[in-house]
2 protein chains.
Amino acid sequence: MDLPEDGDPLDLDRQVCFPLYAASNLLNRLYRPILAELGLTYPQYLVMLVLWKQTPQTVGSLGDMLYLDSGTLTPLLKRMETTGLISRTRDAGDERRVLIDVTAKGRALRSAAENVPAVLAAGIEIDATSVAQLRDQVRGLVAILHGDSKNADTASS
Amino acid sequence: MDLPEDGDPLDLDRQVCFPLYAASNLLNRLYRPILAELGLTYPQYLVMLVLWKQTPQTVGSLGDMLYLDSGTLTPLLKRMETTGLISRTRDAGDERRVLIDVTAKGRALRSAAENVPAVLAAGIEIDATSVAQLRDQVRGLVAILHGDSKNADTASS
DNA sequence: CACAATAATATTGTTCACAATATTATTGTG
DNA sequence: CACAATAATATTGTGAACAATATTATTGTG
């Protein structure tokens, strides 16, 4: 009774993509004021998460991890350079590349960012199990959409 | 073993929101060329889905259903008016409201849009059961995020 | 009826996200 | 080594999203 055959395929309630779209917007809206205190937007926060793990990165390596391209990242990284969180320097070994590194200011921001997940979680009434389940399912979809069919076992066994 | 306690809370792989963000971007990227043939963007497509179901709508009613506000919808609807898919007229009964209706051109687009879901599904290798499961889980999250706690029983209790 | 309070939409300014294209550097083939 | 092919990043132009604010219309209270 949930087959795509019966009913209108153009019904908003049938769409898979709409809830994802809505959830993404709503989450961004929830993150915004929290991250604003750190002087970050959500995609900028994602860049910092990567850089806090491993540095330096290139525009391309950031794009691979965040599923974004230079058209989005270049201006974003320039803004982050302006606010003093990162540095952008041409790779001497390969002048095509731009190395992205954290500055002292960017490194200092880490401790303040550490309770962002907790603050956010406090604003959402959902238990940890559901969250993990949801995360893994969406991750499976991302893998499929990105063509990493190796990781495409959303709910299989 | 999946508790938020162990490990770094700022690890990209632990984030719930990132997969949702990535999935939303990737899906939009997938929709874009398909909808471009109809002269639509994804949010414009969502507006048409609503209007094909029930008309007229107001800016506010569309916003309620799509979780968007006038700051996003007003310019979007103006563009759709320009392309001739919808009409925007002040409600005579309440001049604050703007009634959004489909034009003949917008109505004619419906049949062409009917196979969008199928074309899209063809591009994603995922079974219907997983999709439905994912959809319902994300829908649960949307309900929580939006404060509709009535529908917030993703897996609670 | 006056007029504050509220409601619905519009505007402004900033930051993404993207396709298409341009620019510059490196690699590969002869 | 020349020079086409490729790779990495940047630029351009369009369309969202959003917070904050402005504008206009209606409602409610006296």
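Colleague: Which atoms of A:Gly60 lie 2.8 Å from a phosphate oxygen of DNA strand D?

Modeller: A backbone N or O atom of A:Gly60 does, at 2.8 Å from the phosphate oxygen. Keep in mind that this is a predicted model. A:Tyr21 instead places a polar side-chain atom 2.4 Å from a phosphate oxygen of DNA strand D. For B:Arg79, a side-chain N or O atom is 2.7 Å from a sugar or linking oxygen of that strand.

Colleague: How many of the atoms of DNA strand D within 4 Å of the protein belong to sugar or phosphate?

Modeller: The share is 84%, and the rest belong to bases. Around the strand are 28 residues, with A:Tyr21, A:Thr74, A:Lys78, B:Thr41 and B:Gln44 coming nearest. The residues of this surface comprise six nonpolar, eleven polar and eleven charged.

Colleague: Good. And how do I read the relation between two copies of a chain?

Modeller: In general, two copies of a chain are related by a rotation about an axis and a shift along it. Here, chain B superposes on chain A by a rotation of 180° with 0.0 Å of shift along the axis, at an RMSD of 0.0 Å. The two copies are thus related as by a two-fold rotation axis. The same surface serves both copies, as 98% of the contact residues of chain B recur in chain A.

Colleague: Which side chains of strand 3 of chain B are buried?

Modeller: B:Val98, B:Ile100 and B:Val102 point to one face and are buried, while B:Leu99 and B:Asp101 point to the other and are not. Strand 2 of chain B pairs with strand 3 in the antiparallel sense over five bridges, and B:Ser87 has B:Asp101 as its bridge partner.

Key:
Residues numbered from 1 in each chain as written. Chains lettered and ligands numbered in written order. Predicted model: local features only at pLDDT ≥ 70, side-chain atom pairs only at ≥ 80, totals over all residues. Heavy atoms only, no water. Least-squares fit on C-alpha atoms with pLDDT ≥ 70 in both. Contact = heavy atoms within 4.5 Å. Buried < 20%, exposed > 50% of the residue type's maximum accessible area, 1.4 Å probe, protein only. Helix = DSSP H or I, 4+ residues; strand = E, 2+ residues; numbered from the N terminus. Pairing = 2+ DSSP bridges. Near = heavy atom within 4 Å. Polar contact = N/O pair within 3.5 Å; in protein donor to acceptor, adjacent residues only side chain to side chain. Nonpolar A, V, L, I, M, F, W, Y, C, P; charged D, E, K, R; others polar.
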